[in-house]
Amino acid sequence: MNAIQFIPALLSAIFLFSVLLAGCGSGSDTTDTHTPPATDNPVDPPPELSGDTPLAPHNDDLTNIATAPPAADERVNIELTDAYQSQVTDLELTEAGFWCHVQRQVDEHTVRLYTTLDWQPGWNQRLQCHIDAQLAFQYQPAEGTVIVDTAMLDSSHVIMLEAVLRESTQPNAIGSWFELRLSTLNTTGQPVHQRWLEDIPRPEELFFYTHIAGDEAPTRRTEESLSHNGKPQLTANSLARLRVHQGTPYLLIHSYGVKVYRLYQDLTVAWSRQVMPAYTWLWAESLANESDMAIREDGTVAVGFELHDQDVAIYNSHFDEKLQDNNQGYDVGIAILSPTGALENTFIAGLQGHRENLGKLFWRADELLLTGSTRYTKEGAAGGTTEWDGYIARIDPTTGTTLHSQLLHVHDEDAMRDALLTDTGRLLIAGESGYRQADTNSQTSYGYGVIYEVTDKGEVQPIIKLDTARNSAITGLRVAGDTLYYRYDFDGFITHTCDHDTTQCWLKSGISNLALD
């Protein structure tokens with residue numbers, strides 16, 4: 001069975017579960033934080049170091065939260081309310097006043113698309129870039145092309161990453177192959193550089209693994225369809241993220257497994273490194289494993305990738321290594337790469353007794369900071385016997401030791417959608433709180449968007465919440481100077497809103513900001 005045949009079979013088997021999760025606030029927003037992580041402002045360690053046994057939340061429900069104020073920077077203030085469904089999927093900006101956002105919209109009569117997927121064909125999508133409050137240019141991709149991510153290269157250039165449907169496959173068909181195109185655009189929208197991502201794979205990079213629970217070992221086949229004419233192939237919603245660090249672009253994708261690229265400014269490849277082979281759970285739409293990367297001041301790269309259940313055996317089989325998994329279940333593999341792409345260390349980070357979702361990964365001085373969400377059995381859980389809360393973990397990248405970990409709680413269930421580490425070392429987290437989710441995965445009550453800070457002592461300090469009709473979430477954070485900018489969804493639906501009346505599935509979105517103290 002080739003990959004195109006295999007993927008629809010897998011997706012049909014998990015389709016019902018992915019739909020249930022779609023409204024549950026547990027999806028991850030794969031738009032990345034392109035702000036360089038702070039490394040020269042280490043914070044004091046918390047007073048109690050817990051290792052990989054996380055401390056319980058320091059607080060009960062926090063309900064006295066200030067509502068979002070009017071935008072402090074009126075230049076970057078948008079609400080999209082005309083379309084039946086709308087989302088702002090990316091926001092990038094500079095202190096010089098050049099900023100861009102990607103928006104997508106769909107009308108009520110279009111075949112229903114999934115708002116939890118980072119990218120997929122079928123949306124009416126466009127990139128709009130501004131200088132201060134003035135629209136500088138806009139770009140709308142052709143049919144079969146999807147804007148996947150953007151990143152500011154400098155104060156006057158933005159890099160755009162697009163997935164382009166290969167001509168030999170059909171639009172919107174699950175399992176169709178896309179290829180990646182990179183473009184550097186100036187403030188008038190003219191391309192300075194434009195290139196396809198080209199990467200002729202080594203034979204072992206085309207290995208594709210499956211591992212069924214109960215089997216002694218994973219099985220492997222060579223999957224030639226992962227590459228076409230020297231270009232990596234991706235299916236819709238496959239992870240693909242840009243980062244820019246000190247003027248150098250980096251790219252993280254799921255194609256030949258989990259692979260990271262360092263690019264030159266002309267968008268050609270300087271080096272690349274596979275850190276996890278291709279396998280089943282990189283190809284599962286909204287249930288696919290997550291990955292993230294962080295670049296230290298000296299150019300050292302940390303790549304985090306989720307490892308669920310049998311995935312560790314796949315890693316060990318492919319790389320002929322023996323990673324130790326001390327916490328069976330969901331964990332995070334972390335690979336440390338030198339500034340030239342050489343592999344320096346690989347280890348597993350995880351919280352004892354928890355199944356972690358990977359959110360964001362940061363360098364903070366010489367430590368790694370891991371954030372995300374975890375669903376665990378909790379006394380007095382909001383919606384049943386289990387509850388979603390956030391977590392953080394401080395990790396020694398040399399030994400792989402988790403130095404300290406703790407759970408984060410705001411109100412009822414809490415799902416992290418994005419996180420940001422400011423240049424002054426402040427950890428800010430955004431997402432959705434105050435909702436309830438049944439043990440069957442259905443979200444049963446509306447939640448609200450929230451931004452909170454985790455202090456050096458591990459205290460959760462809410463900053464704002466969105467007070468809107470129906471369901472809302474804050475989906476992305478960026479910072480420029482002393483202003484925090486955020487993307488948000490509002491007036492949205494939850495798991496069963498549309499069961500008997502599909503006219504209730506509308507969703508609105510916007511961009512706003514606030515002054516940081």
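Modeller: Two strands are taken to pair if DSSP finds at least two bridges between them. With that criterion in hand, we may read this predicted model, beginning with β4 and strand β5 (residues 134–139), which pair in the antiparallel sense over 5 bridges.

Colleague: Which residue in β5 is the bridge partner of Cys129?

Modeller: The bridge partner of Cys129 is Phe137. Elsewhere in this pairing, Ile131 stands opposite Gln134 in β5.

Colleague: How many residues lie between β4 and β5 in the hairpin?

Modeller: The hairpin formed by β4 and β5 has 2 residues between its strands. In the turn, Asp132 has a positive phi of about 55 degrees.

Colleague: With which residue does Asp132 form a salt bridge?

Modeller: The general idea comes first. Side chains of opposite charge can pair when their charged atoms come close. In the present case, Asp132 forms a salt bridge with Arg75, and their closest N and O atoms are 2.6 Å apart. This pair links distant parts of the chain: Arg75 belongs to the loop between α1 (3–22) and β1, Asp132 to the loop between β4 and β5, and the two are 57 residues apart. A search of the whole structure finds 24 salt bridges.

Colleague: Which strand, besides β5, pairs with β4?

Modeller: Strand β3 (residues 98–106) pairs with strand β4 (residues 124–131) in the antiparallel sense over 8 bridges. Here Gln105 has Asn124 in β4 as its bridge partner.

Colleague: I should now like to read a whole sheet. In what order do the strands of the open sheet with β23 stand?

Modeller: The order is β23-β24-β25-β26, and the pairing of these 4 strands is antiparallel. An edge strand pairs on one side only, as β23 (356–364) and β26 (402–408) do here. Neighbouring strands of this sheet are turned by 20 degrees against each other on average, direction ignored. Within the sheet, β23 and strand β24 (residues 367–377) are joined in the antiparallel sense over 8 bridges, and Trp363 has Leu368 in β24 as its bridge partner.

Colleague: Which are the edge strands of the open sheet that contains β33 and β32?

Modeller: That sheet has 4 strands in the order β1-β33-β32-β31, with antiparallel pairing. Its edge strands are β1 (78–80) and β31 (471–480). The twist from one strand to the next averages 20 degrees. Strand β32 (residues 483–492) and strand β33 (residues 508–515) run antiparallel and are joined by 8 bridges; Asp489 stands opposite Ser509 in β33.

Colleague: Let us close with charge on the surface. Which residues gather in a patch of negative charge?

Modeller: Residues enter such a patch if they have over 30% relative accessible area and no salt bridge, and like charges are joined within 9 Å. In this model, Glu95, Glu297, Asp423 and Asp482 gather in a patch of negative charge on the surface. One of them, Asp423, is found in the loop between β27 (413–421) and β28 (427–435).

Methods: Residues are numbered from 1 along each chain as its sequence is written. This is a predicted model: local features need pLDDT of at least 70, side-chain atom pairs count only at pLDDT 80 or more; totals for chains, interfaces and linings use all residues. Side-chain values use heavy atoms; hydrogens and water are left out. Axes are lines fitted to C-alpha atoms, for helices over the stretch in contact, and angles run from 0 to 180 degrees between N-to-C directions. Patches are made of residues with over 30% relative accessible area and no salt bridge: like charges are joined within 9 Å, nonpolar side chains (Val, Leu, Ile, Met, Phe, Trp, Tyr) within 5 Å. Accessible areas come from the Shrake-Rupley method with a 1.4 Å probe; for residues, only the protein chains shown count as cover. A salt bridge is a side-chain nitrogen of Lys or Arg within 4 Å of a carboxyl oxygen of Asp or Glu. Lys and Arg count as positive and Asp and Glu as negative; His and the chain ends are not counted. The place of a charge is taken as NZ of Lys, CZ of Arg, CG of Asp or CD of Glu.
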